[in-house]
Amino acid sequence: MSENRKFQLGTIGALSLSVVSSVSIVICNKALISTLGFTFATTLTSWHLLVTFCSLHVALWMKLFEHKPFDARAVMGFGILNGISIGLLNLSLGFNSVGFYQMTKLAIIPCTVLLETLFFRKKFRSVISMLVSSYN
């Protein structure tokens, strides 16, 4: 099998695993919040981030990827915003259906592109612009 073919299979596998795990987490969260009455969305967010942290350290230990230097300030800012985003999404899941939650989550992508274009004057490739316009 060629190297390019292996890369494509690995990418398809990673994307498939990402979709399956995301949907599974959403369904479990919805069951916890609405069916079992678990009202602690922040605690749920903390558990997800802790599991992600531990999983990434295990993957690093298994040499599935290599550690690269990074700007700690930028990563901390991103981490804080990501944590807030996940907390708000879990809160939204408690009040809305899974379908509405998923649509809201998908709407974040074109909104982010729009905000970056308006406020940061960022330019995107035409392929990304076409994908974003298909969401609207």
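**Notebook: confidence, one asparagine, aromatic rings**

I compared the elements of the protein by mean pLDDT: helix α5 (residues 126–135) has the lowest, 51, and helix α2 (residues 41–61) the highest, 84. The model is a predicted one, so I looked up pLDDT, the predictor's confidence in each residue, before anything else. For the protein, the mean pLDDT is 78. I noted too that 85% of its residues reach 70 or more.

Next I looked up N29. I found N29 in helix α1, which covers residues 3–35. Is N29 buried or exposed? Its relative accessibility is 3%. Buried means under 20%, so N29 counts as buried. I then listed what N29 touches, leaving aside its neighbours within four places in sequence. The contacts are L44, H48, N90 and L93.

Then I turned to aromatic rings. How many aromatic pairs does a search of the whole structure find? I wrote down two. In one pair, F38 and F40, the ring centres are 5.5 Å apart and the planes stand at 80 degrees. Planes over 60 degrees apart count as edge-to-face, so I entered F38 and F40 as edge-to-face. F38 also forms an aromatic pair with W47, at 5.7 Å centre to centre. The planes of F38 and W47 are 35 degrees apart, and I entered this pair as tilted. F38, F40 and W47 form one aromatic cluster.

Last, I checked the accessibility of W47. The value is 47%, so W47 counts as partly exposed.

Definitions and conventions:
Residues are numbered from 1 along each chain as its sequence is written. This is a predicted model: local features need pLDDT of at least 70, side-chain atom pairs count only at pLDDT 80 or more; totals for chains, interfaces and linings use all residues. Side-chain values use heavy atoms; hydrogens and water are left out. Helices (H or I, at least four residues) and strands (E, at least two) are DSSP runs, numbered from the N terminus. Buried means under 20% relative accessible area, exposed over 50%, partly exposed in between (1.4 Å probe, protein chains only). Contact means heavy atoms within 4.5 Å. pLDDT is the predictor's confidence in each residue, from 0 to 100. Rings of Phe, Tyr and Trp (its six-membered ring) pair if their centres lie within 6.5 Å; planes under 30 degrees apart count as stacked, over 60 as edge-to-face and the rest as tilted.
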